[in-house]
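Look at the sequence and the model below. The paragraphs after them explain how strands, helices, domains and chains are arranged.

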Amino acid sequence: MRTSISFYLAVKEIWRSKGRFVAIGAVIALITLLVLFLAALGEGLGNGNREFLDKLNGELILFQEQANLSVSASQFGRSIMNDVLRMPDVSAAGAIGFSSVFVSMAGSNELLSVSMLGVEPDRPGEPPAFEGRGLGGVRANEVILDENASVRLGLGVGDELIVQSTQGTVDELFSLQIVGVSDGRQYFIQPSIFVPLLTWDRIRPKAVADNGQDELTFNIIAVKLVDPSDEVTAGQRIEERLSTVKAVNRRTAYEAAPGYSAQQSTINTQQGFTLLIGVLVVGGFFQIQTLQKVAQVGMLKALGASNSVVYSAALLQIVVTNFFGVLLGSLATLGLAATFPPGIPIVFQGDQVVLALATLLLIGPLGGLLSLRILAKVEPLTALGLAS
Amino acid sequence: MTIALETNSVLKEYQLGELTVTAVDRVSIRIEAGEFVALVGPSGSGKTTMLAMIAGLLSPTQGSIHIGEAELGQLSEAERTQFRREKIGFTFQANNLVPYLTVLENVELMLRLNGRYSRAGQDRAIDLLTRLGLKERLHNLPSQLSGGQQQRVSIARALIHNPELVLADEPTASLDTERAYQVVQTFADLIHEQNRSGIMVTHDLRMCRYVDRVIQMVDGRLDRVISSPKEIAAFAGIYAEREDEIEYDD
């Protein structure tokens, strides 16, 4: 009975005071829009920084010990690969070199900044191509584009990609054949292209033009373990054996990327403040509404409405208004996101969105707690103009 | 006759710092079933406090209040709320109706609160409102009604669930004389017709002409009880004619 009368009172008031409830619903919708976009932006930026490392087909990533887990500062010579491959825990290992270049489609002047990753064909580091094939050999003039690069450039398997790279003081152009397209593997907030390691070494930007005499250097090593669940002890054994190496898992590697943690904590702080503002706005609205209804609530209590009826009606109103506000905000977010160009780092990830929505659905009842406290204090005597 | 309400030496004291204020001073009254009583007195005489205690909204400092078979002092807070919901009908001076419910819904509210809402209950509410001249207003909101119409809706609400006792707090306070007479006369007629008991707190003595008995309180004490129709008519009439000399400051 209590639920039905509470529901009845709650729905009747919402229906007959639509303007008031639509206004607060719209405010909740805007807060939802902001929170979801911040979550998507945080995910998009985080994804842009970590996608390549996160999807790497290896459990450990080896850095030069003194590089402080910085990919660009870490430098290995070719000789270390044999030592790594000889480790009993290691099932496979692949050298990875990183640089940033501009690319364009043949015949176009429009340049796109991408992360160019040198990888060893058929070894950890080379992404699986969902379209086309893998890289043919370590010196081949071939390239695999990640999905982002493919979409942004409008290129696919069989097309020609032009890499613009500064060699010394001269900008040189290198032509590569696109042999495959992989899923999204961004790195340093840029689309990625994958080239054979020796090709990478040849065409990557250099301060001094390549004379072909220097030893091949690369930045990190992706390691696939015999026992993937043994990454901690395997990493320790590798570090003990190879004193110049720091072995970390993928998560530690991308969290150490410059600015990654600061960026994520900034986004999280913004989200937190937005939610806090949401709680205060919703709480403030329902508090004012409750204060305006003190006489009416006193009358209902004098007529014999129990506290639980009054609470439930108020709580139902808060939950219903909040739910529709969040629903409206979610739909608006989806609609708005569909109009964004592909370059904007907005990623709606299932669990992040669910978490944000769950938090948003909680802000109403949380903000309404103060109103419930006020309702509890309203005495039926107020209906007779008497104070306790 | 069946006793609908009996108060035995009811005392209500408030503590204001070190000062003890006596709002109601050992008042004993008895109201029979089917009787409509006016509780009158000047401002501060304790009539509203008395009404609050009879409704179970305030507990007496001493004394007991019986309504039907129940002694209010023996009931818990939750039981008193339930008792009020089931056994008492209420009209108030102001803020009488739920603003977002229509006239019909306001009356049906008591049935819904008691879990007794039904089609038959709705028909009864419509009959009652028709009787009160509100047939054309069933689906209007309170804001679309005059003060007198709102009071008539609250009368219907006070009677719809067949309460043992109907309490009316200054039902004519915001009405002009003609509407005030109409409202109280209708109230009295319905109470008599349905054999309910009613107490009307009022400072307007002219309204006493429709009641069966007048209980006058002064300074928290029972000052006098007027029972004969002739005396009541005289009491109401005298004060009506000498309105400018009335000492009541409400």
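In chain B, Thr7(B) stands opposite Ile29(B) in S2(B). Strands here are DSSP runs marked E of at least two residues, helices are DSSP runs marked H or I of at least four residues, and both are numbered from the N terminus. Two strands count as paired if DSSP finds at least two bridges between them. This is a predicted model, in which local features need a pLDDT of at least 70, side-chain atom pairs count only at pLDDT 80 or more, and totals for chains, interfaces and linings use all residues. Residues are numbered from 1 along each chain as its sequence is written, chains are lettered from A and ligands numbered from 1 in the order in which they are written, and side-chain values use heavy atoms, with hydrogens and water left out.

The two strands of this example are strand S1 (residues 3-16) of chain B and S2(B), which run antiparallel and are joined by ten bridges. Elsewhere along the pair, Gln15(B) stands opposite Thr20(B) in S2(B). S1(B) and S2(B) form a hairpin with two residues between them. In that turn, Gly17(B) has a positive phi of about 65°.

The hairpin belongs to an open sheet of four strands in chain B, in the order S2-S1-S4-S5, with antiparallel pairing. Strand S2 (19-32) and strand S5 (70-71) of chain B are the edges, each with a single partner strand, so one side of each has no neighbour in the sheet.

Chain B also has an open sheet of six strands, in the order S6-S7-S8-S3-S9-S10, and the pairing in it is mixed. Its edges are strand S6 (88-91) and strand S10 (221-226) of chain B; each has a single partner strand, so one side of each is left without a neighbour in the sheet. On average, neighbouring strands of this sheet are turned by 20° against each other, direction ignored. Axes are lines fitted to C-alpha atoms, for helices over the stretch in contact, and angles run from 0 to 180 degrees between N-to-C directions. Within the sheet, strand S3 (residues 36-40) and strand S9 (residues 213-218) of chain B pair in the parallel sense over four bridges. Val37(B) stands opposite Arg213(B) in S9(B).

Helices pack on this six-stranded sheet as well. Helix H2 (residues 77-87) of chain B touches S6 and strand S7 (165-169) of chain B, and its direction makes about 80° with that of S6(B). Contact means heavy atoms within 4.5 Å. Helix H6 (residues 177-193) of chain B lies across S3, S6, S7 and strand S8 (197-202) of chain B, running at about 135° to S3(B).

How confident is the predictor in chain B? The pLDDT, its confidence in each residue from 0 to 100, averages 88 in chain B, and 94% of the residues score at least 70. Confidence in chain B is lowest in helix H7 (residues 229-241), at a mean of 74, and highest in helix H3 (residues 103-113), at 96.

Chain A has its own hairpin. Eight bridges join S7(A) to strand S8 (residues 170-182) of chain A, and the two run antiparallel. Two residues lie between S7(A) and S8(A), and Gly168(A) in the turn has a positive phi of about 70°. Strand S7 (residues 160-167) of chain A also pairs with strand S3 (residues 90-105) of chain A, in the antiparallel sense over four bridges. There, Phe102(A) stands opposite Gln164(A) in S7(A).

The domain assignment, which is automatic or from a database, divides chain A into domain 1 (2-50 + 261-384) and domain 2 (51-257). Their C-alpha centres lie 46 Å apart. Between them, domain 1 and domain 2 of chain A bury about 900 Å². Buried area is the accessible area (1.4 Å probe) that two parts lose on being put together, summed over both.

Finally, the two chains meet. 22 residues of chain A are in contact with 28 residues of chain B. The area buried between chain A and chain B is about 2,400 Å², and carbon and sulfur atoms give 70% of it. Two salt bridges are counted between the chains, a salt bridge being a side-chain nitrogen of Lys or Arg within 4 Å of a carboxyl oxygen of Asp or Glu. Arg16(A) forms a salt bridge with Glu105(B), with the closest N and O atoms 2.7 Å apart.
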